[in-house]
Structures are given as structure tokens and as C-alpha cells.
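The following paragraphs lead through a model, moving from a pair of packed elements to the interior and then to the chain as a whole. Please keep the sequence and the structure in view while reading.

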Amino acid sequence: MTDDTSAAQNFSSRLNWLRAGVLGANDGIVSIAALVVGVAAATNNRDAILIAGISGIVAGAISMALGEYVSVSSQRDSERAVIEREAHLLATEPEKELLLLQQAYQERGLSETTARTVANELTEHDAITAHLQVEMNIDGQTTTNPWHAALSSFVAFVLGAALPLLAVTIVAADYRIGATVVGSLIALALTGGVGAKLGGAKLLPAIARVMLGGAGALVVTWSIGELLGTSLAL
């Protein structure tokens, strides 16, 4: 494996857990902000808000980490199954696999002679990686670590959730909902921008999506809290 290939795989691995971290932070902000705003709309009891927020952070962080671990582990299992199947085919039907590799390169625009030469050279160098990359668009090695993704999501969720929890418990009762909403929307704009940057997407549409989604969640939970608070008061 060349240094360039190794560097590309390391970058891909880092990018995967960075994206998992951004998604975790985004979920932490939205879910906990919506939760504490809903509770704050129903009651001014700081202890009740704090308990609800902390419980939500613990449950949400564990859920995010577990979801990432299961998802990435399933992906790794699928890739390993494909690699094992391809290795078996190369061992039992090498000529057929060589022809398939040649045809794949011909479909990409190479002449029959050139495609045959490329297929032969790649087969001699690393047959299984060549087939996986060309025929199935996956690397010969699984680079995404489920534990990295799970830990990244857990930590990011907690960090993202800490902002709305601090805002709603530190700020005075008359301003806590407004401060939580404003702070959360600013944080969502940042995570949306970072996510777009990592994915190479346009910044403004990505930021607008997460901010609108977060604002919608806050409006819904605030409305529910207001209704429940009024009902309980009656």
C-alpha cells in the first residue's frame, strides 16, 4: 500500500467520525433544547428543568452512541462478507474474475487491450482490492471504526446538549426560554456549517435546514409545555 493510499484511508476514517460528531452535537442541541424549553414553558421550577435536562442528556448520548456503533458495525459486517465472497471467487474462478475486471475497465472507456493490461497488472499487485474498488466501489480494508464513531457521537451529543441546559438553568426565569432558543439556533448554525464544510456542500442551505428544523422542534415543545402548564395550573 502506498503512502498516498494510506493517507487517503486515514482521512476517510477521520472524516467519518468527524461527521458522526457533528451529527451528535446537532442532535444534542435540538433534543435537549426542545426538552428543556418544553419543561420551562410548563414550570418555573429550576430543579425540575435541570433533572429533565440531565436525564435527557444521559439517555440521548447513550442512544446516539449505541445507534452509531450498531450502524457502523453492520456496515463493517457487510463489507467483510463481500470481501470474503470476492476472495473465494478469486481463488476458485481466477480467469472469470480477471475477465470481469477487464470488462469493468472497458465499460469505463478503456480499449480491450489496455483494459486487459490494467486488469492483469492490478491482479498481480492486489487482486481483491482491485475487484472491490472497481466492481463494488469499496476499499479492500474497512476503515470506519464503530468504537470511534460511537465515542465521537457520545461526546459530541453531551457537548451540544450542554449549551441549552446551561442557558435554561443559569439565565433568570423571565429570559431563560428566549436565551435558550437564541443560543441553540446559533449553535445549530455552527454545526450545520461544519457539517456542510465536511461534506463539501453549500453552507447556506445546510445552515437554513438545521436552523428551521431546530426552530420547529422548539416551537412544538414550547407549545406543548404551555398547554400542559396551563392545564395543570387549572
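In this predicted model, a good place to begin is the pair formed by helix 3, which covers residues 94–107, and helix 4, which covers residues 112–135, since their axes come within 8 Å and cross at roughly 110°. Angles of 65 to 115 degrees count as roughly perpendicular, and helix 3 is therefore roughly perpendicular to helix 4. On the side of helix 3, the contact is made by Glu 95, Glu 97, Leu 98, Leu 100, Leu 101, Gln 102, Ala 104, Tyr 105 and Gln 106. Helix 4 contributes Glu 112, Ala 115, Arg 116, Val 118, Ala 119, Asn 120, Leu 122, Thr 123, Ala 130, His 131, Val 134 and Glu 135. Sorted by character, the residues of this contact comprise 11 nonpolar, 5 polar and 5 charged.

From this crossing the reader may turn to the interior. In soluble globular proteins, nonpolar side chains tend to be buried together. The largest nonpolar core of the model has 12 residues in all, namely Ile 32, Val 36, Val 39, Ala 40, Ile 49, Ile 57, Ala 61, Met 64, Phe 157, Ala 161, Leu 165 and Val 168. At least two residues of this core come from each of helix 1 (3–42), helix 2 (46–92) and helix 5 (146–170). A second core, separate from that one, has 8 residues, among them Leu 98, Leu 101, Ala 104 and Ala 119. Within the largest core, which includes Val 39, this residue is in contact with Ala 48, Ile 49 and Ala 52 when its neighbours within four places in sequence are left aside.

A single residue of helix 6 (residues 176–199), Thr 180, deserves a separate look. Is Thr 180 buried or exposed? Its relative accessibility is 0%, and because buried means under 20%, Thr 180 counts as buried. A polar atom of the Thr 180 side chain lies 2.7 Å from the backbone oxygen of Arg 176. Apart from neighbours within four places in sequence, Thr 180 is in contact with Ala 33, Val 36, Val 37, Pro 164, Ala 167 and Val 168, and two of these partners, Val 36 and Val 168, belong to the largest nonpolar core.

Stepping back, the chain contains 7 helices and 0 strands, and along the sequence it follows the pattern α-α-α-α-α-α-α. Of its 234 residues, 36% are buried. Among contacts in the chain with a separation of 6 or more, 74% are accounted for by residues 24 or more positions apart.

Terms used: Residues are numbered from 1 along each chain as its sequence is written. This is a predicted model: local features need pLDDT of at least 70, side-chain atom pairs count only at pLDDT 80 or more; totals for chains, interfaces and linings use all residues. Side-chain values use heavy atoms; hydrogens and water are left out. Axes are lines fitted to C-alpha atoms, for helices over the stretch in contact, and angles run from 0 to 180 degrees between N-to-C directions. Helices (H or I, at least four residues) and strands (E, at least two) are DSSP runs, numbered from the N terminus. Angles under 35 degrees count as roughly parallel, over 145 as roughly antiparallel, 65 to 115 as roughly perpendicular and the rest as oblique. Contact means heavy atoms within 4.5 Å. Ala, Val, Leu, Ile, Met, Phe, Trp, Tyr, Cys and Pro count as nonpolar, Asp, Glu, Lys and Arg as charged, and the others, Gly among them, as polar. Buried means under 20% relative accessible area, exposed over 50%, partly exposed in between (1.4 Å probe, protein chains only). A polar contact is a pair of N or O atoms within 3.5 Å; within protein, one must be able to donate a hydrogen and the other to accept it, and residues adjacent in sequence count only if both atoms are side-chain atoms. A nonpolar core is a set of buried Ala, Val, Leu, Ile, Met, Phe, Trp, Tyr and Cys residues joined through side-chain atoms within 4.5 Å.
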